[in-house]
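Biologist: I am new to this structure. Please show it, and then I will ask about it.

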Amino acid sequence: MTILDQIITRKKQEVSYSKSAVPLEQLKDSGFFGRETYSLKQTLKSKSGIIAEFKRKSPSKGVISENADVLDVAKSYKTYGASGISILTDSEFFGGTFDDILKVRNEITIPILRKDFMIDEYQFYEAKSIGADVVLLIAACLSVSQVQEFTDLAQGLGLEVLLEIHTEDELAHYNENVDLVGINNRNLKDFKVDLQHSVNLKNLLPQNTLSVAESGIYSVEDFRFLKKKGFDGFLMGEYFMKNPGEAFDKFINEISS
Ligand SMILES: O=C(O)c1ccccc1NCC(=O)[C@H](O)[C@H](O)COP(=O)(O)O
């Protein structure tokens with residue numbers, strides 16, 4: 001069983017529980033449900049392009065920063081010019097909670113990506129109800145038709161869609177309605193990262209696709225390499241979370257100099 005299989009097995013149980021605990025109609029009563037969302041497509045162009053992630057742990061790295069305060073970290077990301085914030089809401093494998101988004105939503109004015117494993121339409125309503133602006137669709141967990149259906153659903157709720165692919169085969173999941181395409185450099189079988197991987201797959205995407213390089217960006221040199229290759233966005237988690245707050249400020253200063 002791969003790590004993704006394990007995560008999805010668990011996610012199905014969680015979603016089933018959530019649906020019985022909070023019926024979908026009730027999600028619509030949230031104060032955030034009717035809010036106008038922020039556009040990551042826009043802030044990728046107008047700011048640094050960095051989507052800075054908040055995650056406490058991960059399957060590949062174990063505990064990264066267990067006690068980091070989500071509000072402090074999110075504020076520092078916003079203050080120093082992140083285009084968006086990715087917040088893991090998966091609890092079992094990444095140590096996240098919905099509360100992490102709820103705590104920061106009213107405090108920051110940049111897009112929030114709800115980073116989770118989306119497998120059921122209920123989760124899109126949930127994302128809107130907690131104040132997210134963008135959702136992640138992981139091609140490896142979904143069929144081609146699910147990507148299309150979930151894209152329509154998300155956009156109907158005012159959420160942007162970041163489609164994540166890991167392999168060349170998963171390019172079949174691309175459709176021109178998705179807002180952004182993320183190419184993940186982490187091989188989920190052995191957790192190795194290779195930046196050249198995202199470059200190779202990016203070259204196979206239609207021109208003008210807004211592309212995001214994901215995972216394994218650990219230095220200013222890595223960032224510059226991917227920027228030169230034409231990426232619009234850069235999803236970075238571990239590097240910033242190892243030294244929450246300070247690492248981001250320093251990184252932005254270095255890439256601007
Ligand atoms: O990071 C993992 O171990 C992982 C395992 C299984 C599924 C997803 C996983 N990571 C999610 C991500 O995509 C990363 O959190 C994100 O791209 C940031 O990566 P990094 O900068 O390397 O922390």
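Modeller: A residue is near a molecule if its C-beta atom, placed from the backbone, lies within 6 Å of it. Bear in mind that this is a predicted model.

Biologist: Which residues around the ligand come nearest?

Modeller: The ligand has 18 residues around it. Five of these are named as coming nearest to the ligand: Ser-58, Ser-60, Ser-215, Gly-237 and Glu-238.

Biologist: Which strand and which helix each supply at least two residues of the shell?

Modeller: The elements asked for must each give at least two residues to the shell around the ligand. A strand and a helix meet that condition: S10 (233-236) and H10 (238-241).

Biologist: How many residues of the shell are charged?

Modeller: The shell around the ligand divides into three classes. Seven of its residues are nonpolar and six are polar. The charged ones number five.

Biologist: Why does the radius of gyration agree with a compact globule?

Modeller: The protein has 257 residues, so a compact globule would have a radius of gyration near 18 Å. The value for the protein agrees with this, at 17 Å.

Biologist: What share of the residues in the protein is buried?

Modeller: A residue is buried if 20 or more other C-beta atoms lie within 10 Å of its own. Of the 257 residues in the protein, the buried ones make up 41%.

Biologist: What is the mean pLDDT of the protein?

Modeller: Where pLDDT is low, predicted coordinates should not be read in detail. Here 100% of the residues reach 70 or more. The mean pLDDT of the protein is 97.

How values were computed. Residues numbered from 1 in each chain as written. Predicted model: local features only at pLDDT ≥ 70, side-chain atom pairs only at ≥ 80, totals over all residues. Helix = DSSP H or I, 4+ residues; strand = E, 2+ residues; numbered from the N terminus. Nonpolar A, V, L, I, M, F, W, Y, C, P; charged D, E, K, R; others polar. pLDDT = per-residue confidence, 0-100. Rg over C-alpha atoms; globule rule 2.2 N^0.38 Å. Buried ≥ 20, exposed ≤ 12 C-beta atoms within 10 Å, placed from the backbone.
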